[in-house]
Amino acid sequence: MTWTERVANAKTELARLQEEIDERCFELYGIDGQDRGQIQRRLARASSSKVIAELDEGNGKGRAAAIDSATLVASLLSWTVGVAFGRFDLRCANGERPAPKEPEPFDTLPVCSPGMLVCSDGFPLETPPAGYAIRFARDGILVDDAGADRDLLAAIRQVFESIFTNPAGRWEEAADILGDRDPALRTWFARKFFDLHIRHYSKSRRKAPIYWQLTTATASYSAWIYYHRLTRDTLFRLLNDHIVPKIKHEERKLISLSQDSAPNPSARQRKEIDDQEGFVTELRAFREEIARVAPLLDPDLNDGVIINFAPLWRLVPQNRSWQKECKRIWNELVAGYYDWAHLAMHLWAERVVPKCADDRSLAIAHGLEQVFWETDDKGKWKPKSVSREVIDRLIEARTSAAVKSALNDLLQAPFPAVSSGSHRDVGRRRRSTSI
């Protein structure tokens, strides 16, 4: 059964259920005869108007159905990314674990949402359970790199193979519906998934993506990081385990292309060499940006997603709106707007610690209430008299010379250049850059 057929069947079943609900409501309230007919006509007109509006927006019935199918496929792929990172439990889909029961209205909220991969106490599992069908990225890092051990698409294909009887057919069908077959779904993930993910994980003014895409200038190479496994070492791991080996591989390939075409390269060979040089240049710039910001990372979930992401604003050129928002938050962090945040203390202890002496809420946020505040005889809070020597020791204990050097480097770095490379070349580079 195709995705389009599933959507059509679901709509038919929903219509049947709605008709049954309407019938029971008419019986319950004793509505019949002329009143019932009038209500049904009004409902029919309202439903017809809605359908017409949807068709106008979708430019025809087929287009509307395609939009529904694309939304369904995108949701499936989002779930598979979660499985690949160890967030969601694959066994809920392949039948090894029963689907979570619907909670009652006044049940205590669980630690984790239904369907997540958890241990017996309800907390997230960090290692695969015995007999689990797939491996997942325990350190929260995947890369967009065909042939690599941590390739995002390879991890997702592994999920497809575990839940579908015809995984190859389902994969090709998903690529057809999303309009990305060359190579299948790789460009869609590189160019479109992160934006959809941000919108899906946003509500009101709060935006909280949990799968972070960091890319080169043209998204020819991406690193994907799972926020809930982010640590101070994550970017160093990304550098040492993935980016540096990738650059060495691509540099060897560039040397090989140059040697094979010498001394008189053809137009095709010259184009291949130019593309490869551009790709290596992008990777080197990406390495420099990651190395620049890696020492600054000190994640604390209490800070929230966007504050933790803010120092990485230079690494999301593929999504200008998100980059602009992260840059705004970063500027406000620099200006002292969020000194309650753990990251502010990590980067600017010399600014934040003295403020704790005047602002009890800041002192509480940073665990310094007992140092700077006390209660008087009437039980009211008042600031303590704290010597400059004590304040200086607190600042020194929270300050790192390496972090300060990296912070100054980031603040002085020029705005990242916008690449003029063609995204059509990106797909070709990906197909030819397997390790």
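**Exercise 1.** Determine whether Ala219 is buried or exposed in this predicted model, and describe its backbone.

*Solution.* Step 1: Ala219 has a relative accessible area of 0% and is therefore buried (buried means under 20% relative accessible area, exposed over 50%, partly exposed in between, with a 1.4 Å probe and protein chains only). Step 2: Ala219 belongs to the loop that connects β4 (211-215) with β5 (222-226); strands (E, at least two residues) and helices (H or I, at least four) are DSSP runs numbered from the N terminus. Step 3: the phi angle of Ala219 is near 60°, a positive value in a residue other than glycine. Most residues other than glycine have a negative phi.

Conventions for every exercise: the model is predicted, local features need pLDDT of at least 70, side-chain atom pairs count only at pLDDT 80 or more, and totals for chains, interfaces and linings use all residues. Residues are numbered from 1 along each chain as its sequence is written, and side-chain values use heavy atoms, with hydrogens and water left out.

**Exercise 2.** Identify the buried residues of helix α13 and the elements against which they pack.

*Solution.* Step 1: within α13 (residues 349-356), the buried positions are Ala349, Val352, Val353 and Cys356. Step 2: these residues cover an arc of only 100° around the axis, which puts them on the same side of α13; the arc is that of the directions from the helix axis to the C-beta atoms. An α-helix has 3.6 residues a turn, so residues three or four places apart point the same way. Step 3: the buried residues of α13 pack against α12 (342-347), α14 (360-365), α15 (369-372), β6 (373-375) and α16 (388-397).

**Exercise 3.** Locate His366 and list its contacts beyond four places in sequence.

*Solution.* Step 1: His366 is in the loop between α14 and α15. Step 2: with a relative accessible area of 13%, His366 is buried. Step 3: leaving aside neighbours within four places in sequence, its contacts (heavy atoms within 4.5 Å) are Asp339, Trp340, Ala341, His342, Met345, Val352 and Cys356. Val352 and Cys356 are among the buried residues of α13.

**Exercise 4.** Describe the environment of strand β1 and its pairing with β5.

*Solution.* Step 1: β1 (residues 141-144) is covered on both faces, with Ile141 and Val143 buried on one side and Leu142 and Asp144 buried on the other. Step 2: β1 and β5 run antiparallel and are joined by 4 bridges (two strands pair if DSSP finds at least two bridges between them). Step 3: Leu142 stands opposite Trp224 in β5.

**Exercise 5.** Characterise the aromatic pairs of Phe193 and Phe194.

*Solution.* Step 1: the structure holds 20 aromatic pairs; rings of Phe, Tyr and Trp (its six-membered ring) pair if their centres lie within 6.5 Å, and planes under 30 degrees apart count as stacked, over 60 as edge-to-face and the rest as tilted. Step 2: Phe193 and Trp224 form a tilted pair, 5.6 Å centre to centre with 55° between the planes. Because Phe193 lies in helix α7 (residues 186-200) and Trp224 in β5, this pair ties together parts that are 31 residues apart in sequence. Step 3: Phe193 is buried at a relative accessible area of 2%, and Trp224 counts as buried at 1%. Step 4: Phe194 and Trp322 form an edge-to-face pair, 6.5 Å centre to centre with 85° between the planes. That pair links Phe194 in α7 to Trp322 in helix α11 (residues 320-335), 128 residues apart.
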